[in-house]
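Visitor: I am new to reading protein models. Could you walk me through one, feature by feature?
Guide: Gladly; have a look at it, and then ask away.

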Amino acid sequence: MSGGAADGDPAGVAPDGWPAPLRGVTESVVTTLGPNDRWNVAALGLHAPETDADGMPEGPVTARTYGRTRTWRNFTERGGGVVQFTVDPRTFVDAALTVREVDEPVLPSADAWVEVDAEEVAAETEGDTTIRTWELSPVESAVVTERVPTVNRGFGAVVDATVAASRLDVPAFDTGELLERLEYFADVVERCGGPAEREAFARIDEATGWRERDRS
């Protein structure tokens with residue numbers, strides 16, 4: 001699949017070989033094969049390439065790993081993985097906040113997937129954390145399900161909440177501020193989310209125990 005997007009097109013830009021357009025940092029889930037021959041499931045932000053004056057993509061899709069994660073290890077040792085697009089908030093929570101391993105690379109909740117080769121192209125250090133940038137080159141892709149796009153604030157709140165929750169034990173971030181964010185996101189999910197979003201947020205509660213944490 002190839003093509004571009006006009007300047008300002010909310011659909012984003014569709015790089016060659018990718019099954020869906022990307023814009024800004026598109027949230028995805030990636031499966032990578034571990035040393036036990038099982039597929040590790042993790043969240044992965046995809047940085048869309050810059051575009052030229054005609055809205056055509058220039059350069060590769062990239063992603064970053066932070067520290068010595070399973071995705072970093074498996075990208076390094078296996079050279080790639082399977083990036084997947086899903087609108088199931090529970091999949092995002094499990095990928096971002098739990099250690100999940102599966103037998104098959106493509107998840108049942110995936111609407112589209114793309115097998116990628118991953119090449120490390122840059123590295124920098126912030127504090128004790130090494131941030132590596134990977135160039136992702138598509139190998140094979142497929143669209144499994146086509147949906148009419150809808151907007152649900154609860155879904156967005158779940159995704160943002162996984163980011164806040166994943167930083168709770170990182171010294172560089174203020175715990176009190178993160179807990180305030182989680183309280184806000186929990187309220188949004190309760191007011192605007194559906195059953196899947198509420199179940200996903202319950203998984204955040206279970207994985208982190210943030211509601212019982214000291215707010216001082």
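**A guided reading**

Guide: Let us begin with a helix: in α1, which covers residues 70-78, the buried residues are T71, W72, N74 and F75. Please keep in mind that this is a predicted model.

Visitor: Why would residues a few places apart in a helix share a side?

Guide: An α-helix has 3.6 residues a turn, so residues three or four places apart point the same way. In this structure, T71, W72, N74 and F75 of α1 are buried.

Visitor: Which strands do the buried residues of α1 pack against?

Guide: Their partners are β1 (25-33), β2 (39-47), β5 (61-66), β6 (80-85), β8 (112-126) and β9 (129-143). Just after α1 comes G79, with a positive phi of about 85°.

Visitor: How should I read the pairing of β6 and β8?

Guide: Look for the direction of the strands and for the bridges between them. β6 and β8 are antiparallel and share six bridges. As an example, V82 has E115 in β8 as its bridge partner.

Visitor: How many bridges join β8 to β9?

Guide: There are 14, and these two strands also run antiparallel. One place to check is A112, which stands opposite V143 in β9. β8 and β9 make a hairpin with two residues between them, and G127 in the turn has a positive phi of about 65°.

Visitor: What about side chains along a strand?

Guide: In a regular strand the side chains alternate between the two faces of the sheet.

Visitor: Next, how many aromatic pairs does a search of the whole structure find?

Guide: The search finds four. In one of them, the ring centres of F92 and F155 are 5.8 Å apart and the planes meet at 70°; an angle over 60 degrees counts as edge-to-face, so this pair is edge-to-face. The pair connects distant parts of the chain, since F92 is in helix α2 (residues 89-97) and F155 is in helix α3 (residues 153-166), 63 residues apart.

Visitor: Is F92 buried or exposed?

Guide: F92 has a relative accessible area of 5%, so it is buried. F155, at 22%, is partly exposed.

Visitor: Where can I see a residue with 0% relative accessibility?

Guide: Try L182, which is buried at that value and sits in helix α4 (residues 175-192). Beyond its neighbours within four places in sequence, L182 is in contact with A161, A164, A165, L168, F201 and W210. The C-alpha atoms of L182 and V163 are 9.7 Å apart, with their positions 19 residues apart along the chain.

Visitor: And what is the general idea of a salt bridge?

Guide: Side chains of opposite charge can pair when their charged atoms come close. This structure has 13 salt bridges.

Visitor: Which residue forms a salt bridge with R78?

Guide: The partner is D37, and the closest N and O atoms are 3.4 Å apart. R78 belongs to helix α1 and D37 to the loop between β1 and β2, so the salt bridge ties together parts 41 residues apart in sequence. R78 is partly exposed at 41%, while D37 is exposed at 53% relative accessibility.

Visitor: Where else are distant parts of the chain linked?

Guide: Look at D169 and R213, whose side chains form a salt bridge at 3.0 Å, N to O. D169 is in the loop between α3 and α4, and R213 is in the segment after α5 (195-208), 44 residues away. D169 counts as exposed, at 62%, and R213 as partly exposed, at 26%.

Visitor: What does a salt bridge inside one helix look like?

Guide: R181 and E177 form one, with their closest N and O atoms 2.7 Å apart. Both lie in helix α4, four residues apart, which is about one turn of the helix. There is also a network of salt bridges, linking D88, R90, D94, E199 and R203.

Visitor: Finally, what does the side chain of S109 make a polar contact with?

Guide: With the side chain of T91, at 2.9 Å. S109 lies in the loop between β7 (100-102) and β8, and is buried with a relative accessible area of 19%. Setting aside neighbours within four places in sequence, the contacts of S109 are F85, T86, D88 and T91.

Methods: Residues are numbered from 1 along each chain as its sequence is written. This is a predicted model: local features need pLDDT of at least 70, side-chain atom pairs count only at pLDDT 80 or more; totals for chains, interfaces and linings use all residues. Side-chain values use heavy atoms; hydrogens and water are left out. Rings of Phe, Tyr and Trp (its six-membered ring) pair if their centres lie within 6.5 Å; planes under 30 degrees apart count as stacked, over 60 as edge-to-face and the rest as tilted. Buried means under 20% relative accessible area, exposed over 50%, partly exposed in between (1.4 Å probe, protein chains only). Contact means heavy atoms within 4.5 Å. Two strands pair if DSSP finds at least two bridges between them. A salt bridge is a side-chain nitrogen of Lys or Arg within 4 Å of a carboxyl oxygen of Asp or Glu. A polar contact is a pair of N or O atoms within 3.5 Å; within protein, one must be able to donate a hydrogen and the other to accept it, and residues adjacent in sequence count only if both atoms are side-chain atoms.
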